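Q: Please give a close account of the charged side-chain pairing in this model. Please also relate it to the strands and the nonpolar packing.

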Amino acid sequence: MTLLGTGHDAGELVITITDAAKAKLIEVRDDEPDADRLGLRVEITDDSGPDFRYDLSFDVVTKAALTDVVRDHGGLKVIIPADDVDRLQGATLDHEFGGLVMRNPNRPEPIQLGALTIDDATAVAVREVIDNEVNPALAAHGGFITFVGHDAAGKAYVTMGGGCHGCAMSRMTMLQGVEGMITGAVEGVTRVIDATDHSTGENPYYT
């Protein structure tokens, strides 16, 4: 017999999973070996931007740590690390436009920019990519980004303006497009952080 911790299958749900998301997740899970033993692990992997980054993976439920929270969502077990419970409380996992979308009312602590470099060779290279590649691509959506600076850890900070400021798709645009364009072209830059306060945009996606 496997003994589970008090956080397993007890108490209220931490997140909501829509019917569309659950159907898709169960479909994917059922293609995995030992599908009946698997649960969906939902973790926050990064909190250095204005929104969390997440990792979703299938894991054997009985291998969940005693501190993990495990909940049954109508045939789909969901595993959440104890450290992420408060930060995921009230979130909704949905499936739309062909992908999974996490809507989380919680946000990371505000970004503390500190001392950033704005005038070395790396800064020049980032600006060139933004001016010649990124902003021409974003212009089609009425948006643009502005380079704020970079730190010693390889993070470049930008803000978004125009149609990208407050746009519900801006975070996706950043993660899928802008970051790849900059990190792929500028040696030493490994992350691009969106430092925009999107709650002040015309179409704020935090509300």
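**Salt bridges and their surroundings**

A: Within helix 1 (residues 19-29), E27 and K24 are 3 residues apart, so about one helical turn separates them. In this predicted model, the side chains of these two residues, E27 and K24, form a salt bridge with an N to O distance of 3.8 Å; the cut-off for such a pair is 4 Å. E27 has a relative accessibility of 45% and is therefore classed as partly exposed. K24, with a relative accessible area of 33%, is partly exposed as well. In general, side chains of opposite charge can pair when their charged atoms come close. The structure contains 12 salt bridges, and two further examples show other settings.

The first of these examples is the salt bridge between R191 and D46, with an N to O distance of 3.1 Å. R191 belongs to strand 10 (residues 191-194) and D46 to strand 2 (residues 38-46), so this pair ties together parts that lie 145 residues apart in sequence. The limit for a buried residue is under 20% relative accessible area. R191, at 16% relative accessibility, is therefore buried, and D46, at 17%, is therefore buried too. The pair also belongs to a wider arrangement, since a network of salt bridges links D46, R53, E179 and R191.

The other example joins D94 to R103, whose closest N and O atoms are 3.1 Å apart. D94 is buried, with a relative accessibility of 13%, whereas R103 is partly exposed at 37%.

The strand that carries R191 leads to a sheet. Strands 8, 9 and 10 make up an open sheet of 3 strands in the order 8-9-10, with mixed pairing. Strand 8 and strand 10 stand at its edges with a single partner strand each, so one side of each has no neighbour in the sheet. From one strand to the next, the twist averages 35°.

Strand 9 (residues 155-162) and strand 10 run parallel and are joined by 4 bridges. Along this pairing, A156 stands opposite V192, and Y157 has I193 as its bridge partner. On the other side of the order, strand 8 (residues 143-150) pairs with strand 9 in the antiparallel sense over 7 bridges; G143 faces G162 there. These two strands, 8 and 9, form a hairpin with 4 residues between them, and G154 in the turn has a positive phi of about 90°. Helix 3 (residues 121-138) lies across strand 8 and strand 9, and runs at about 170° to strand 8.

Strand 2, which carries D46, also takes part in nonpolar packing. The largest nonpolar core has 18 residues, and I15, I17, V42, I80 and L88 are those with the most contacts inside it. Two or more residues of this core come from each of helix 1, strand 2, strand 5 (77-80) and helix 2 (85-88). Strand 2 gives the largest share, 3 residues. Residues up to four places away in sequence aside, I15 touches V42, H73, V78, I80, L88 and A91. Another core lies apart from this one and has 16 residues, including V126, L138, F147 and I182.

Notes: Residues numbered from 1 in each chain as written. Predicted model: local features only at pLDDT ≥ 70, side-chain atom pairs only at ≥ 80, totals over all residues. Heavy atoms only, no water. Buried < 20%, exposed > 50% of the residue type's maximum accessible area, 1.4 Å probe, protein only. Core = buried A, V, L, I, M, F, W, Y, C linked by side-chain atoms within 4.5 Å. Contact = heavy atoms within 4.5 Å. Pairing = 2+ DSSP bridges. Axes fitted to C-alpha atoms, helices over the stretch in contact; angles between N-to-C directions.
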